[in-house]
Amino acid sequence: MTITLRRQIACYTDLAVILALVDPCPRGETRPSFALPSGQTAQASQSLRAFRLKGTRCAECGLQGHHFLEFRTQRKSLSGLCLVGLGDRMLTSLTADHIVPRSLGGAGAPGNLRVLCAECNVRKANRCTVPTVTRYRLAEVKNRLRASYGDLHPSFQEFRRAYLRHFDATVSIDEGYVDDAGLAAYAAAIEHQFGLICDLAGVPGHLFPEGYDRP
């Protein structure tokens, strides 16, 4: 925890009350503002949207968020919110983690976010995990298809729609969800159709789990 006591304004143990104020899929506004019970204003940060969509428990160790701390920011009328859990030894903050790291091209879309406590997030660093290797490969298919044929190519548009239905909560809510197997099969068909080579050979080995057998 890095929030000093002099910056704290309030503590909220009813997580649902705060999260109900957060728009998880804002349209046209990156970080919409909302009013807190203290009378201050906060913004729907990426972490808050992840908590609203994915819950308030660490996906790795299971640490449960216990309360929100409201704290002062550099802007006088704007507060920040930090979700805190009661760990074995001390208070631990929870935040949004990019499943496919930003350093590997991972998007900030809700489908690429999960909740991790600070300790698990530091331990993961910028590595992929076995379940996310498929996601990275799918992102490579999308990026290479776009680079080769452009945004307006019908096949790119079709693949992008399927990709967004899988990864982006906004589109998934509106247009349905694509499961892993269905999207992976479609990615393989796109690779074959356009002769795309989207293996992981160029990615540094330390980004993958020990023992991962690359294709």
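In this predicted model, a hairpin of six residues connects strand E4 to strand E5. E4 and E5 run antiparallel and are paired over seven bridges. Two of the facing positions can be named. Histidine 67 sits opposite valine 84 of E5. Leucine 69 has cysteine 82, also in E5, as its bridge partner.

Both strands of the hairpin are mostly covered. In E4, which spans residues 65-72, six of the eight residues are buried, so the strand is largely enclosed by the rest of the structure. E5 covers residues 79-86, and seven of its eight residues are buried.

The pairing extends beyond the hairpin. Strand E1 (residues 8-12) pairs with E4 in the antiparallel sense, over four bridges. Here glutamine 8 stands opposite phenylalanine 71 of E4. E5 in turn is joined to strand E6 (residues 91-98) by four bridges, and E5 and E6 run antiparallel. Leucine 86 has leucine 91 of E6 as its bridge partner. E6 then pairs with E7, again in the antiparallel sense, over five bridges. Histidine 98 faces leucine 113 of E7 in this pairing.

Strand E7 (residues 113-117) is buried in five of its five residues, so the rest of the structure largely encloses it. Its side chains are split between two directions. Leu113, Val115 and Cys117 point one way, while Arg114 and Leu116 point the other way. Residues on both sides of the strand are buried, Arg114 among them.

Cysteine 117, in E7, raises the matter of disulfides. Such a link is a covalent bond between the sulfur atoms of two cysteines. The model contains zero disulfides by the distance rule. The cysteine sulfur closest to that of cysteine 117 belongs to cysteine 120, at 3.6 Å. A disulfide requires the sulfur atoms to be within 2.5 Å. The separation of 3.6 Å is therefore too far for a bond. The relation also holds from the other side: cysteine 117 carries the closest cysteine sulfur to that of cysteine 120. Both cysteines are shielded. Cysteine 117 is buried because its relative accessible area is 3%, under the 20% cut-off. Cysteine 120 has 6% relative accessibility and therefore also counts as buried.

Threonine 56 lies outside the strands. Its place is in the loop between helix H2 (46-54) and strand E4 (65-72). Despite the loop position, threonine 56 counts as buried because its relative accessibility is 13%. The side chain of threonine 56 makes a polar contact of 2.6 Å with the side chain of glutamine 64. Beyond its neighbours within four places in sequence, threonine 56 is in contact with Leu15, Leu19, Phe51, Leu63, Gln64, Gly65, Leu83 and Leu94. Several of these partners belong to elements described above. Gly65 falls in E4 (65-72), Leu83 in E5 (residues 79-86) and Leu94 in E6 (residues 91-98).

Phe51, one of the contacts of threonine 56, also takes part in ring pairing. Four aromatic pairs are found across the whole structure. In one of them, the rings of phenylalanine 51 and phenylalanine 68 have centres 6.2 Å apart and planes at 55°, so the pair is tilted. This pair links distant parts of the chain, with phenylalanine 51 in helix H2 and phenylalanine 68 in strand E4, 17 residues apart. Phenylalanine 51 is buried, at a relative accessible area of 3%. Phenylalanine 68 is buried as well, at 0%.

A further tilted pair is formed by phenylalanine 159 and tyrosine 163, with 6.2 Å from centre to centre and 35° between the planes. Both residues lie in helix H5 (residues 154-167). They are four residues apart, about one turn of the helix. Phenylalanine 159 is buried, with a relative accessible area of 0%. Tyrosine 163 counts as buried at 12% relative accessibility. Ring pairs link Phe159 and Tyr163 with Tyr186 into a cluster.

Conventions:
Residues numbered from 1 in each chain as written. Predicted model: local features only at pLDDT ≥ 70, side-chain atom pairs only at ≥ 80, totals over all residues. Heavy atoms only, no water. Buried < 20%, exposed > 50% of the residue type's maximum accessible area, 1.4 Å probe, protein only. Polar contact = N/O pair within 3.5 Å; in protein donor to acceptor, adjacent residues only side chain to side chain. Contact = heavy atoms within 4.5 Å. Pairing = 2+ DSSP bridges. Phe/Tyr/Trp six-rings, centres within 6.5 Å; stacked < 30°, edge-to-face > 60°.
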